[in-house]
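Student: I would like to test the labels on this model. Can we go through them one at a time?

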Amino acid sequence: MPAKKKVDGAKLIKMVESGKHQQEIMKEFKFNTAAQFKSHLLDALMKAGKAPEIKSGRGKAKANSAKEVLVSKRGSVVIPKSMIDEMGFVEGNTFTVRKTKSGISLKATRK
């Protein structure tokens with residue numbers, strides 16, 4: 001996936017606030033699609049503090065909570081209680097486990 005182009009966010013916001021037409025702004029910034037325009041505008045607004053940051057759920061907090069686990073002689077994998085508590089799981093929860101390209105996926109099933 002190509003990197004996002006560098007855009008002068010302040011200039012983009014100023015053009016929008018001044019009432020310039022979307023097509024004129026897209027031409028000025030060489031945006032190919034309305035979605036590209038809107039994505040850059042949202043990024044500029046968030047950086048300027050005019051719109052709240054969007055939390056994607058895939059941030060550093062998730063990565064930092066990773067812990068190493070061990071497979072026992074019986075083939076069991078034990079997830080530390082601290083992680084279970086942190087994720088809000090309780091006794092009796094069930095999960096689906098599947099192999100993925102990057103390892104395994106453990107997903108709680110809905111009841």
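Tutor: The questions below take each label and check it against its cut-off.

Student: What kind of model is this?

Tutor: It is a predicted model.

Student: How many helices and strands are there, and what pattern do they follow along the sequence?

Tutor: The protein has five helices and two strands. Read along the sequence, the pattern is α-α-α-α-α-β-β.

Student: How many residues does the protein have, and what share counts as buried?

Tutor: There are 111 residues, and 14% of them are buried. Buried here means under 20% relative accessible area.

Student: Why is Lys11 with Glu28 called a salt bridge?

Tutor: The cut-off is a Lys or Arg side-chain nitrogen within 4 Å of a carboxyl oxygen of Asp or Glu. The closest N and O atoms of Lys11 and Glu28 are 2.8 Å apart. That is within 4 Å, so the pair qualifies. Lys11 is in helix α1 and Glu28 in helix α2, so the bridge ties together parts 17 residues apart in sequence.

Student: What is the general idea behind such pairs?

Tutor: Side chains of opposite charge can pair when their charged atoms come close.

Student: Are Lys11 and Glu28 buried, partly exposed or exposed?

Tutor: Partly exposed runs between 20% and 50%. Lys11 has 35% relative accessibility, so it is partly exposed. Glu28 has 42%, so it is partly exposed too.

Student: What makes Lys50 and Glu17 a salt bridge?

Tutor: Their closest N and O atoms are 2.9 Å apart. The limit is 4 Å, so the pair counts. This pair links distant parts of the chain. Lys50 is in the loop between α3 and α4, Glu17 is in helix α1, and 33 residues separate them. Glu17 has a relative accessible area of 56%, so it is exposed.

Student: What about Asp85 and Lys81: how far apart are their closest N and O atoms?

Tutor: They are 3.0 Å apart, and the two residues form a salt bridge. Both are in helix α5, four residues apart, so about one helical turn separates them. Asp85 is partly exposed, at 46%. Lys81 is exposed, at 59%.

Student: How many salt bridges does a search of the whole structure find?

Tutor: It finds four. Among them are Lys11 with Glu28, Lys50 with Glu17 and Asp85 with Lys81.

Student: What marks Lys30 out in its backbone?

Tutor: Lys30 has a positive phi of about 60°, although it is not a glycine. It is in the loop between α2 and α3.

Student: Why is Lys30 called exposed?

Tutor: Exposed means over 50%. Lys30 has 62% relative accessibility, so the label holds.

Student: Which residues make up the nonpolar patch on the surface?

Tutor: The patch is formed by Val69, Val71, Val77, Ile79, Met87, Phe95, Val97, Ile104 and Leu106. Together they have about 790 Å² of accessible area. Strands β1 and β2 each supply at least two of the patch residues.

Student: How do you know that Leu106 is open enough for the patch?

Tutor: Patch residues need over 30% relative accessible area. Leu106 has 43%, so it passes that cut-off. It is also partly exposed. Leu106 is in strand β2.

Student: Which residues line the second largest pocket?

Tutor: The lining is Lys4, Lys5, Lys6, Val7, Gly9, Ala10, Ile13, His40, Asp43, Ala44, Lys47 and Ala48. Helices α1 and α3 each give two or more residues to it. The largest share, four residues, comes from α3. The pocket holds about 200 Å³ of space.

Student: What makes the lining mixed by class?

Tutor: It has five nonpolar, two polar and five charged residues. Gly counts as polar here, so Gly9 goes in that group.

Student: How far apart in space are Asp8 and Ala44?

Tutor: Their C-alpha atoms are 8.1 Å apart, with their positions 36 residues apart in sequence. Asp8 is in the segment before α1. At 44% relative accessible area, Asp8 is partly exposed.

Student: Why is Val16 called partly exposed?

Tutor: Its relative accessibility is 31%, between the 20% and 50% cut-offs, so the label fits. Val16 lies in helix α1. Its C-alpha atom is separated by 8.7 Å from that of Leu41, 25 residues apart along the chain.

Definitions and conventions. Residues are numbered from 1 along each chain as its sequence is written. This is a predicted model: local features need pLDDT of at least 70, side-chain atom pairs count only at pLDDT 80 or more; totals for chains, interfaces and linings use all residues. Side-chain values use heavy atoms; hydrogens and water are left out. On a 1 Å grid over the protein atoms alone, a cavity is a set of points where a 1.4 Å probe fits but cannot get out, and a pocket is an open set with protein on both sides within 12 Å along at least five of seven lines; lining residues have an atom within 4 Å of a point. Grid points are joined across faces, edges and corners, and a volume is the space filled by probe spheres set on the points. Patches are made of residues with over 30% relative accessible area and no salt bridge: like charges are joined within 9 Å, nonpolar side chains (Val, Leu, Ile, Met, Phe, Trp, Tyr) within 5 Å. Accessible areas come from the Shrake-Rupley method with a 1.4 Å probe; for residues, only the protein chains shown count as cover. Buried means under 20% relative accessible area, exposed over 50%, partly exposed in between (1.4 Å probe, protein chains only).
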